[in-house]
Amino acid sequence: MPDRNNEADIDVLLNGLSPLARQASRILAYLAEFPDGLGGSDVALSSRVGEVSAEHVAIARRSLLAAGLAMQVDFSTKLIATRETLRNLVQNLKGIEGYLRSHKDRNVVELVLTEPGAKSTLRKAIDTLPGLSPIMFQTSDVFFRLARAAKRDLVVLAPFIDNQGADLLVELFSICRPGVHCHLVCRPLNERQCGEAFLRRADDFRRIGVLVYEYALPSTLPSGRETFHAKVVLSDDDLFYVGSSNFMGSALDRSFECGVLVEGGAAKELSSVLEAVRSIAKPVHHY
């Protein structure tokens, strides 16, 4: 089958992959040498390429399919593009990476969604709108990305936690590299909407060494207390998620949630804010 090299399709592909130019160039360079690699799973290909996530591979796969450089055959993806085409794309992506490095905005912002179930009506509507970028990360994938990226601190603000959310928190803190300090800011553990699920996994949180803080202070506000509603996951002072998603099953895979992943100067500012939060919150030494 001939290789499609339509300029408009190529431009769309490069534009779509530009936010992850470095990772996409690594993936396409690997496929130029091992084209059958696209036939396996996203996880398998990411492990072979190295320094990319399964999420990055999934985006590259969708972009290649949309540009007509790959095709779906039953449950597998077959590469159509020639080695020469892929190598040219790699060079273009490396050029984009270099440009972005030297012209980097203060903050890089990416859209993060939780879709209301698999094959939702919302997903079908999104797929029909050509103006939307294919790079809309799923909330739980972003949480894992943040946990793996942390080198010093992973800070989570979670006002509401259920059993599924507690399980995810244990998994996120567990995959952090050795030496990373894990912090959880929550509402009081004696309150049902947070404490029941947390205490069910308390042994695991203790084993990991999670530092827990309750942020709920007496106040002259009509509610009688100062507390929080923000949902945040911060990796060091470099990268963070902020959005509507609680650490609850409904928010993680059953309802439409929306947030942003931010990299840049705003992360340093948020890191200072969360340090202030932890300084006034009540440390939970025994749970």
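## A predicted chain, from overall build to single residues

F247 sits in the loop that runs between strand 11 (239-243) and helix 11. This is a predicted model, and F247 is a good place to start looking around. With a relative accessible area of 2%, F247 is buried. Not counting residues up to four places away in sequence, F247 touches F143, V156, A158, F160, I161, D162, G165, L168, L169, L172 and V233. Measuring along the chain, F247 and K231 are separated by 16 residues, while their C-alpha atoms are 8.5 Å apart in space.

N246 belongs to the loop between strand 11 and helix 11. N246 is buried too, its relative accessible area being 13%. Once neighbours within four places in sequence are set aside, the contacts of N246 are P159, F160, K231, A251 and L252.

Now for G249, which is part of helix 11 (residues 249-254). Is G249 buried or exposed? The relative accessible area of G249 is 0%, so this glycine is buried. Apart from neighbours within four places in sequence, G249 is in contact with D162, Q164 and R254. For a view across the chain, take P19: G249 and P19 are 230 residues apart in sequence, and 29 Å lie between their C-alpha atoms.

### A pair of helices

Two packed helices are described by the angle between their axes and the distance between the axes. For helix 7 (residues 139-149) and helix 8 (residues 163-174), the axes come within 8 Å and cross at roughly 30°. Angles under 35 degrees count as roughly parallel, and helix 7 and helix 8 are therefore roughly parallel to each other. On the helix 7 side, F143, F144 and A147 make the contact, and on the helix 8 side L168, E171 and L172 do so. Some of these names may look familiar: F143, L168 and L172 are among the residues that F247 touches.

### Two loop residues with positive phi

Most residues other than glycine have a negative phi, and most peptide bonds are trans. D74 has a positive phi of about 55° although it is not a glycine, and D236 likewise has a positive phi, near 55°. The loop holding D74 connects strand 1 (70-73) with strand 2 (76-79), whereas D236 lies in the loop between strand 10 (231-235) and strand 11. Which of these aspartates is buried and which is exposed? D74 counts as exposed, since its relative accessibility is 71%, but D236 is buried at 5%.

### A residue in helix 3

S46 lies in helix 3 (residues 42-49). S46 is buried, and its contacts beyond four places in sequence are V52, S53, A54 and V57. Here are some of the buried residues side by side.

| Residue | Relative accessible area |
|---|---|
| G249 | 0% |
| F247 | 2% |
| D236 | 5% |
| S46 | 9% |
| N246 | 13% |

### The chain as a whole

Stepping back, the chain has 12 helices and 13 strands. Its C-alpha trace spans about 70 × 40 × 35 Å along the principal axes. Of the 287 residues in the chain, 46% are buried. Among contacts between residues at least 6 apart in sequence, 74% join residues at least 24 apart.

The accessible surface of the chain is about 14700 Å², with 54% of that belonging to carbon and sulfur atoms. As for charge, there are 33 positive and 35 negative side chains, and the centres of the two sets lie 2 Å apart.

Technical notes:
Residues numbered from 1 in each chain as written. Predicted model: local features only at pLDDT ≥ 70, side-chain atom pairs only at ≥ 80, totals over all residues. Heavy atoms only, no water. Helix = DSSP H or I, 4+ residues; strand = E, 2+ residues; numbered from the N terminus. Buried < 20%, exposed > 50% of the residue type's maximum accessible area, 1.4 Å probe, protein only. Contact = heavy atoms within 4.5 Å. Areas by Shrake-Rupley, 256 points an atom, 1.4 Å probe, with all protein chains shown as cover. Lys, Arg positive; Asp, Glu negative; His and termini not counted. Charge placed at Lys NZ, Arg CZ, Asp CG, Glu CD. Axes fitted to C-alpha atoms, helices over the stretch in contact; angles between N-to-C directions. Parallel < 35°, antiparallel > 145°, perpendicular 65-115°, else oblique.
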